[in-house]
Amino acid sequence: MSKLIIEGARRLKGEINIQGAKNSILPILAASLVTRAECVIHNCPIISDVKNTLKILEHLGCVVKFQENTVIVNSENITKNSIPNVLMREMRSSIIFLGALISSVGSAEISLPGGCELGPRPIDMHIEGLRQLGLRIDESHGILECGNEDGLEGCNISLSFPSVGATENLIIASVKARGTTVINNIAKEPEIMDLIAFLNSSGAKIESQGEGTLVIEGVKALHGTEYTIIPDRIAAVTYMSAAAVTVGDLLLKNVVKEHIGAVIPVFEEAGCTIESDTENSLRIIAPTRPYFNRIVRTMPYPGFPTDAQAPVMAMSCLADGTSVFVENIFTNRYKHVGELLRFGADIKVEGRVAIVEGVKRLFGAEVTAMDLRGAAALVVAGLGAEGTTKISGLSHIDRGYENLENNLESVGASIKRV
Ligand code: EPZ
């Protein structure tokens, strides 16, 4: 089993090009099924979640090509409506195929999703909204068998919580429903807007109406398209955290600053200078020692993103001050805390609350990653710690980060995969 070996406390200086957004490409690849044509998608990150999604598309009968950071998917000939458990369990986002299969072939047989163990990952909002659209859904022994011979009927849906996945599934399911679908209280993450832009570029009729409401006019068919996805805002925050713990000076290219509007002030308050001399770049210059003395509450977009909680917590471990993290989105998203303590961090967790007392120094440790963003937190801590850090559980990193160690090495980190 490979490990990352980091010799920490080395200053990072240089520039990094931010990858395409994992949480955009996954729903967009699923949605490409609905076009029943060829879609060319640019700025696609080379990560295992994408490779697994492409395996599912090929299993369903699509022709797939992945060259550099461009994916070409042709969904003219879909030959199946079921996704085997072994493919579904690879990641949480596979549930997004439910709406895509319904809109493309009218039925679906999938097992309940896998993915990061961030506490129970229910799909009640997905199911409730799809049933409101008229989808018949039978569930037995973890298998969802869904179908609707005469298609879906547009309706008015209100989400009880702005769930990202439920919003995506309902958008994809309703683009070809009869009549108009209104979805209230949608998730407003940039990746949702990316999915909407992709679908509209392939002939869907989706409009935002006021705060958190979408109006979707069902169309008969979609067509192929060429689309470029947005940069990965969480990858950007991860590199910012790495800069903050290494007195770093990083120029991040391909960043949409407004996508991390709730995070930039946190780094500025910590004493980092954030500059941007071009539209899509951000330069972060860290102080000798960050100061971090605040409450961080994770919220739906545009609030502080839950995916940024772990890497930013790693930074707070080495900062002066006491911070309180409140994880409002997932019930079990502190699995990185146990591993951060091995570096000498001072963190206390009580339910959704984690209290971090910044310590003067962290020391290299042997740690295990247990979910994607928790893995990123361990890399950040290893970069800031004195001595050698060994990180196992790299499959979690490879799910969502393209070239993480090469990017970090290119700006001065001593990080090797062995
Ligand atoms: C998406 O997960 C992202 N994954 C997550 O990123 C991200 O953390 C999350 O949105 C929140 O932003 C992808 O886009 C592939 P949710 P998703 O539905 O769709 C509960 C990463 O690190 N809920 O908004 O699963 C749910 O249990 C990953 O890149 C229900 O109760 O998130 C959770 O507590 C991790 N019932 C909360 O809502 C439902 O039907 C938010 O979940 C659906 C969700």
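Start by selecting strand S11 (residues 180-184) together with S13: the two pair in the antiparallel sense over five bridges. This is a predicted model, so please read every stop on the tour with that in mind. Zoom in on Val182 and you will find Val215 of S13 standing opposite.

Now keep S13 on screen and colour its residues, 213-217, by accessibility. Is this strand mostly covered or mostly open? Mostly covered: four of its five residues are buried.

Add strand S12 (residues 205-208) to the selection. S12 also pairs with S13 in the antiparallel sense, here over four bridges. Lys205 and Glu217 of S13 are opposite each other in this pairing. Follow the backbone from S12 into S13 and you trace a hairpin with four residues between the strands. Within that hairpin, stop at Gly210, which takes a positive phi near 65°.

**The four-stranded sheet**

Next, select S2, S15, S17 and S16, in that order: they make up an open sheet of four strands with mixed pairing. Which strands sit at the edges? They are strand S2 (13-17) and strand S16 (273-275), each pairing on one side only. From one strand to the next, the twist averages 15°.

Inside this sheet, pick out strand S15 (residues 249-253) and strand S17 (residues 281-285), an antiparallel pair joined over five bridges. For a single bridge to look at, highlight Leu250, whose partner in S17 is Ile284.

Then switch on helix H8 (residues 233-244). H8 lies across S2, S15, S16 and S17, and if you draw axes, H8 runs at about 170° to S15.

Before leaving the sheet, visit the loop between S16 and S17, where Thr278 lies. Is Thr278 buried, partly exposed or exposed? Its relative accessibility is 38%, so Thr278 counts as partly exposed. For a sense of scale, draw a distance from the C-alpha of Thr278 to that of Gln132: the two are 46 Å apart in space and 146 residues apart in sequence.

**The cysteines**

Select the cysteine sulfurs next. How many disulfides does the structure hold? It holds zero. Take Cys39 as an example: its closest cysteine sulfur, in Cys62, is 9.4 Å away, which is too far for a bond, since a disulfide needs the sulfur atoms within 2.5 Å. Cys44 is in no disulfide either, and the nearest cysteine sulfur to Cys44, that of Cys39, is 13 Å away. Show the surface around these two residues. Cys39 has a relative accessible area of 0% and is buried. Cys44, also with 0% relative accessibility, counts as buried too.

**Two domains and their contact**

For the last stop, zoom out and colour the protein chain by domain: domain 1 covers 4-19 + 231-417, and domain 2 covers 22-228. Place a marker at each C-alpha centre and the distance between domain 1 and domain 2 reads 30 Å. The contact takes 24 residues from domain 1 and 24 residues from domain 2.

How much area is buried between domain 1 and domain 2? The figure is about 1900 Å², with carbon and sulfur atoms giving 52% of that area. To finish, show Tyr301, Arg399 and Glu402 as sticks. These residues supply 34% of the area that domain 1 buries against domain 2, more than any other three residues.

Conventions:
Residues are numbered from 1 along each chain as its sequence is written. This is a predicted model: local features need pLDDT of at least 70, side-chain atom pairs count only at pLDDT 80 or more; totals for chains, interfaces and linings use all residues. Side-chain values use heavy atoms; hydrogens and water are left out. Two strands pair if DSSP finds at least two bridges between them. Axes are lines fitted to C-alpha atoms, for helices over the stretch in contact, and angles run from 0 to 180 degrees between N-to-C directions. Contact means heavy atoms within 4.5 Å. Buried means under 20% relative accessible area, exposed over 50%, partly exposed in between (1.4 Å probe, protein chains only). Domain bounds come from an automatic or database domain assignment. Buried area is the accessible area (1.4 Å probe) that two parts lose on being put together, summed over both.
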